[in-house]
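Here is a set of short exercises to work through with the model open beside you. Try each task on your own before reading its solution.

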Amino acid sequence: MRALKIAGGAATCLIVVAIALFLTAIPSAFVASFVQDRIARETGYRVAIKGKTEIGLWPSPSLTLHKVTFDRPGSSASDGRLAVGEIRAGLELASLLSGAPKISELAIDHPTLRLPMLRERTGASLPAGPGRPENTPDNEAAFPIERVTVSNGTIVFFDPQTGSEDAVGDINASVTSAADRKINITGDARPGGRALTFSIAATPPAGPLGPQNIPTELTLEISGAPARRLTARAEVRINGEMLLVNGLSGSLDGGKFNGWASVDLASKPLVKVDLDFQRLDLGARPPRTGVPRSGAQPWSDAPIDVRGLNYVDAQITLSAAELKIGEARFAPASVEADIAGGLLKATFSNLGAYDGQARGVLAIDAKASNPSYALKTDVTGVRALPLLSGLADFNSVDGRMRATADVRGTGANLRAILSSLTGSASIDIRDGAIRHLNIAKMIRALTSGTLSGWQKRPDQATDLSQLSATATIAKGRAVTNDLFLAGPLVRMTGAGTVDLGSKTLAFRVEPKLVMTTEGQGGGADPIGLGIPVVVQGSWSEPRIYPDVAGILDDPAAAYAKLRELGQGLFGQSGAGGPDKSGPKFGETLDSLIRQGLGAATGPGGPPANRPSQDSSSQNPSSHDKQPPVDEIMKQLFGR
């Protein structure tokens with residue numbers, strides 16, 4: 001609004017000057033002084049013309065000023081300032097001759113507008129400067145210029161306290177006005193390296209702008225990933241330093257919305273927004289490339305810039321019939337957000353999420369150079385697969401999920417935030433499945449060697465009645481001591497650590513096979529291998545292998561359990577099975593396990609009495625008679 005008044009006052013001055021130039025030959029230095037004085041009286045802003053002033057009469061009258069600056073009297077380096085490389089005003093000769101001078105075009109080249117970003121609201125509007133006129137019908141007349149062009153412009157936002165700056169460059173704009181008072185503004189810019197185009201159409205009513213609504217239409221498009229397109233129309237009212245936007249409606253990326261907004265431009269901006277969307281798409285995931293993604297790839301180091309929260313206060317209410325975050329959908333959704341003093345607090349009390357509910361609070365503190373984040377959330381009765389795959393591209397678990405998290409972190413990028421997390425979390429999934437994994441088969445495979453990776457196959461799965469864990473998180477490391485999995489043929493307990501920042505894990509689990517298809521609460525006792533299993537490395541491709549120390553601690557007990565397992569699977573020795581080969585196979589299996597026990601303990605008894613390496617080498621035939629342990633395991637588990 002101030003810029004509009006400055007431009008209007010400057011335009012009036014240029015008209016008067018042009019008439020004087022056309023009628024008399026006045027030195028350019030005098031013209032520059034006249035322009036400076038007239039603009040100061042009309043707008044209250046001080047003008048300095050540091051370059052030359054040029055007067056032209058052919059092919060039409062014109063006035064050109066070079067190196068012009070605008071600021072307020074008494075301002076300092078921490079105040080706003082406008083510097084323009086060149087201002088050229090062209091006038092219509094016929095209008096001069098008729099006594100009603102009219103500027104046909106005002107061209108502004110290489111303007112740089114420096115705007116201070118205030119961290120606190122002062123409670124008072126910026127001073128108008130001496131000589132600023134009151135709002136009267138005369139000085140609020142229609143803008144007396146047919147066309148204004150801005151080329152190669154820059155807006156610099158700077159923090160007077162820290163000295164930090166951010167700039168939006170390559171600004172080009174065109175403003176045209178018609179006889180019906182309709183004003184059209186079109187232009188483009190490059191904020192953050194992305195191309196932005198905009199168009200505004202407004203029809204100010206006759207008379208003062210303050211008490212009247214201005215029908216306004218806006219179109220805004222931003223290229224890049226993701227591309228954005230906003231269209232809106234509203235009744236806009238200018239009331240001093242307050243911008244009121246009523247009857248607001250439009251669409252954002254095809255999702256229609258309606259509501260209202262207001263902006264208090266006195267001191268630090270205060271924005272109030274209340275919008276209701278049919279569909280709101282936030283944080284769309286970048287499109288997939290032809291290169292397969294790996295979960296082992298590090299988290300992004302791309303900066304997350306939240307400094308803008310320091311320079312605006314806001315009260316925001318958003319509701320949506322459908323809210324999309326990444327590929328996850330929430331319906332319905334309601335979010336209340338407040339921004340004050342660099343602190344954002346967003347509360348989502350009712351998010352419908354895949355047959356369940358989610359609620360929580362997100363806080364971002366942007367005051368410090370290293371911003372902090374806090375999230376407290378509770379998810380209940382949600383289907384795990386669509387939620388986890390939509391938010392984190394994790395599609396290995398399905399079932400009814402209950403999860404909680406209360407975490408805090410700091411950092412300037414995603415990797416730093418995750419590496420600093422502290423707090424607690426829990427997850428409990430019931431009546432679902434671990435997709436693409438057959439854990440029972442993995443247990444059997446471990447008897448013959450180390451596994452590299454999760455051995456995923458799209459045609460396999462492990463049904464589960466419960467998968468649960470609670471974790472304490474410190475410095476990005478989540479530690480759990482109560483990992484539990486129960487399914488029709490599998491039980492597993494364990495403990496370990498997940499390093500969230502490096503995407504690695506280190507677990508020691510006790511897998512057990514159960515001779516029943518019942519889930520949690522089944523009557524059969526689980527039969528373990530007697531050998532803990534280590535899962536270690538990248539969480540996308542970990543190494544999975546038996547803990548050798550476990551089998552050496554008590555080999556007799558381990559093989560005894562294997563023998564029990566074999567009898568449970570294939571029938572007791574001498575007992576009938578589901579087919580005619582059951583008794584014979586059971587006897588063979590019993591014999592193999594007995595040989596395995598003999599190979600493990602040796603003829604002298606337990607491991608402590610096992611013959612030394614030297615004595616074994618002297619009588620190799622005694623070992624040749626015993627089948628290798630992995631051969632026993634292969635036959636035992638049909639491998």
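**Exercise 1. A pair of residues across two strands**

Find the bridge partner of Glu-217 in strand 11, then describe how the two strands involved are joined.

Solution. Step one: the bridge partner of Glu-217 in strand 11 is Arg-233. Keep in mind that this is a predicted model. Step two: look at the strands themselves. Strand 10 (residues 213-222) and strand 11 (residues 228-239) run antiparallel and are joined by 10 bridges. Step three: follow the chain through the turn. The two strands make a hairpin with 5 residues between them, and Gly-224 in that turn has a positive phi of about 110°. Step four: look for a salt bridge here. The side chains of Arg-229 and Glu-221 meet in one, at 3.0 Å from N to O.

**Exercise 2. Buried, exposed or in between?**

Classify Arg-229 and Glu-221 by their relative accessible area.

Solution. The class of partly exposed runs between 20% and 50% relative accessible area. Arg-229 has 41%, so it is partly exposed. Glu-221 has 34%, so it is partly exposed.

**Exercise 3. On to the next hairpin**

Continue from strand 11 to strand 12, and find the residue with a positive phi in their hairpin.

Solution. Begin with the pairing: strand 11 and strand 12 (residues 242-252) run antiparallel, with 9 bridges joining them. To fix the register, take Arg-237, whose bridge partner in strand 12 is Leu-244. Finally, inspect the connection: this hairpin has 2 residues between the strands, and Gly-240 takes a positive phi near 65°.

**Exercise 4. Lay out a sheet**

Give the strand order of the open sheet formed by 3 strands, and name its edges.

Solution. The order is 15-17-18, with mixed pairing. The edges are strand 15 (280-282) and strand 18 (328-330), each of which pairs on one side only. From one strand to the next, the twist averages 20°. Now turn to one pair within the sheet: strand 17 (residues 323-325) and strand 18 are antiparallel over 3 bridges. Within that pair, Ile-325 stands opposite Ala-328 of strand 18.

Next, add the side chains. Arg-329 forms a salt bridge with Glu-322, with the closest N and O atoms 2.8 Å apart. Arg-329 has a relative accessible area of 38%, so it is partly exposed. Glu-322 is at 24%, which means that it also counts as partly exposed.

**Exercise 5. Place a helix on the sheet**

Work out what helix 4 packs against, and which of its residues are buried.

Solution. First, the placement: helix 4 (residues 384-392) lies across strand 17 and strand 18, at about 120° to strand 18. Second, the buried residues: these are Ala-384, Leu-385, Pro-386, Leu-387, Ser-389 and Gly-390. Third, their neighbours: the buried residues of helix 4 pack against strand 17, strand 18, strand 22 (372-383), strand 23 (397-410) and strand 24 (422-435). Fourth, the exit: just after helix 4, Asp-393 takes a positive phi of about 55°.

Now look for a residue of helix 4 that is not buried. Leu-391 is found in this helix, and with a relative accessible area of 47% Leu-391 is partly exposed. Together with Leu-282 and Ile-325, Leu-391 forms a nonpolar surface patch with about 240 Å² of accessible area.

**Exercise 6. Compare the two ends of a salt bridge**

Which residue is buried and which is partly exposed, Arg-46 or Asp-71?

Solution. Start with the contact itself: the side chains of Arg-46 and Asp-71 meet in a salt bridge of 2.9 Å, N to O. The pair links distant parts of the chain, 25 residues apart, with Arg-46 in strand 1 (residues 46-49) and Asp-71 in strand 3 (residues 62-71). Asp-71 has 7% relative accessibility, so it counts as buried. Arg-46 is at 38%, so it counts as partly exposed.

**Exercise 7. Step back to the whole chain**

Collect the overall figures: how many helices, strands and salt bridges are there?

Solution. The protein chain has 12 helices and 32 strands. The structure holds 21 salt bridges. Of the 639 residues, 37% count as buried. The accessible surface comes to about 32,900 Å², with 57% of it belonging to carbon and sulfur atoms.

Notes: Residues are numbered from 1 along each chain as its sequence is written. This is a predicted model: local features need pLDDT of at least 70, side-chain atom pairs count only at pLDDT 80 or more; totals for chains, interfaces and linings use all residues. Side-chain values use heavy atoms; hydrogens and water are left out. Helices (H or I, at least four residues) and strands (E, at least two) are DSSP runs, numbered from the N terminus. Buried means under 20% relative accessible area, exposed over 50%, partly exposed in between (1.4 Å probe, protein chains only). Accessible areas come from the Shrake-Rupley method with a 1.4 Å probe; for residues, only the protein chains shown count as cover. Two strands pair if DSSP finds at least two bridges between them. Axes are lines fitted to C-alpha atoms, for helices over the stretch in contact, and angles run from 0 to 180 degrees between N-to-C directions. Contact means heavy atoms within 4.5 Å. Patches are made of residues with over 30% relative accessible area and no salt bridge: like charges are joined within 9 Å, nonpolar side chains (Val, Leu, Ile, Met, Phe, Trp, Tyr) within 5 Å. A salt bridge is a side-chain nitrogen of Lys or Arg within 4 Å of a carboxyl oxygen of Asp or Glu.
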